[in-house]
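Good morning, and thank you for making time for this presentation. Please have the sequence and the model open while I speak.

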Amino acid sequence: MNSQPSIRFKIATEDWEFEQIHRLNYKTFVEEIPQHGQNHEGILIDRFHDENTYIIAVNGNAVVGMIAVRDRHPFSLEQKLENLESYLPPNRSICEFRLLALDKSYRSSRVMGGLVQTLAEYCLSRGYDLAIISGITNQTKMYKHAGFEPFGPLVGTPGAQFQPMYLTLEAFNEFRKKSRLFSRTLALPGKVPTKVNLLPGPVAIGQNVRQVFSEEPVSHRSRVFIEDFQRTKKLLCDLVGARYVEIFTGSGTLANDIIAAQLSLQAGKGFIASNGEFGSRLIDHATRFRLPFVTYQFNWGEPFDYERIGIIIDENSGIEWMWVVHCETSTGILNDMASLKKLCIERRIKLCLDCISSIGTIPVDLRGVYLASGVSGKALGAFPGLSMVFCNHEIPPAPKSLPRYLDLGLYAASEGIPFTISSNLLYALKAALESFLTWTRFQHIIYLSNWLKFELRKRGLQILADDAHSSPAVLTIILPQTVSSRNVGDQLAASGYLLNYMSEYLLKRNWIQICLMGECSKELLEPLLNVLPRFCYPDRWRS
């Protein structure tokens, strides 16, 4: 059997991965299982390819195993079996597993276990609680052992017959308890894992990202690294619709300092609006760079009054730029980018944004934005340590007045790499971006946020920002003055839930925050709803 020390399990994203998926599909379902006709290319592209998510096992540059998952009707089984749902348990969130295939040299429990575990994590994070398959008849015993229940008649053709089967979440939980396939704990309903990360950052890191981060570092001057660096920049730009991005070693504070440095080259003055801690920090950035600017500070948690902002700008001549926070993490307020763009377009001024807590949680469209900051360690799902500035115009190197580390144009003139940058951090960010399922993730966060807000309010908890002006990924809870936010946060941490509460601005206001920046699920949050009211309202629970 082959040595398999470097097998990685991930979601397929690369063109070469998809090409090998099509070839493995052909080897399995044409040559080995005669389900499809032969062709000279040795390639079989699944009819649902554009809708499939492929979980793959990769050894070096070879795809050695795969399984596809899909959650759209009509499922392939619906085309073979009438009235499919009449055979299934009611009121379930259904997905379909298909195209399980392993290279003959890699048919070991390790590879199979890695695929199954990665698939399970993917499905749990998306709230699926029923999976359906067409199990090949000579493997029915194996599927039954894993908890699958057969239903309906056989489907397929002679020589390639399949048994329709389904797997409930409850049956999977029982299988997992007894199986040796699983090498680490999965987040399962009714059981709180060691820690549930509900922080705004750092977030829980996926296995594929951790694995890439642990590999040997490479030179930032190597051609391969430079190509991967440019690929990462393209992934970032594609995510937000920007033309350019530069990446830096440092936190979001560095990215905002670089924006302030660029604004210091402008002749006119600016306007900064604030409605929370991070808006106040933009004012501090601008003050430290001695920028001329006008400011207006709304109350914490108060939505911007865009008419009022327009009046202030019109009353002050010479304003050339506006700088605001898109998602105000300190409160959960989401300031409206469309309204900000409109204000700036009408007045021909440049819009700059702090998008550190919005990129990766909601659709962000930076077209027409002058400068915007982001980071690796929040909703993008990578390690902290890299930050970035997006723009839509070419930026030349600045005069000698700017420090080299803060000169955005110097990065642009040096293929983005004027100084040493960690290949480990970069490749971790690249892996996180490659497995970032944009629309599915955004919809999942909204679903989870709406459900969680409803359940929290039902239990008497007060959420600071109203739904019309809030980020779905940041829920700020106002605690009664009779309890300490520090104590509540400590008790939750001891119960396995890491909430945001230790920042000085939160302690001062007796607030705690649930942040949905990382991978999470309804099943993980349900136990929190049982313990949180007990800590917030202890008098109600005393005997």
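**A cavity and its surroundings**

Strand β10 (residues 244–249) supplies the largest share of the lining of the second largest cavity, namely three residues. Strands here are DSSP runs of E with at least two residues, and helices are runs of H or I with at least four, numbered from the N terminus.

Before going further, I should state the basis. This is a predicted model, in which local features need pLDDT of at least 70 and side-chain atom pairs count only at pLDDT 80 or more, while totals for chains, interfaces and linings use all residues. Residues are numbered from 1 along each chain as its sequence is written, and side-chain values use heavy atoms, with hydrogens and water left out.

A cavity is a set of points, on a 1 Å grid over the protein atoms alone, where a 1.4 Å probe fits but cannot get out; lining residues have an atom within 4 Å of a point. The structure holds two cavities of 30 Å³ or more, and the second largest has about 60 Å³ of space. Its volume is the space filled by probe spheres set on the points, which are joined across faces, edges and corners. Among its lining residues are Phe248, Tyr405, Tyr411 and Pro418. Which classes make up this lining? Eight residues are nonpolar, three are polar and none is charged.

Let me turn to helix α7. Its twelve residues, 252–263, should span 16 Å at 1.5 Å a residue, and the 17 Å between its end C-alpha atoms agrees with that; the expected span is 1.5 Å times one less than the number of residues. Ten of the twelve residues are buried, including Leu254, Asn256 and Gln262. Buried means under 20% relative accessible area, exposed over 50%, and partly exposed in between, with a 1.4 Å probe and protein chains only.

Next, the backbone. Most residues other than glycine have a negative phi, and most peptide bonds are trans. Two cis peptide bonds deserve attention: one joins His73 and Pro74, with omega about -5 degrees, and another joins Gly201 and Pro202, also with omega about -5 degrees. Pro74 is in the loop between β3 (62–70) and β4 (94–102), whereas Pro202 is in the loop between β9 (196–197) and α5 (207–213).

Arg290 has a positive phi, near 55 degrees, and counts as exposed at 73% relative accessibility. Glu415 also has a phi near 55 degrees, but is partly exposed, at 41%.

Note on methods:
1 Å grid on protein atoms, 1.4 Å probe; cavity = no way out; pocket = protein on both sides within 12 Å on 5 of 7 lines; lining within 4 Å. Nonpolar A, V, L, I, M, F, W, Y, C, P; charged D, E, K, R; others polar.
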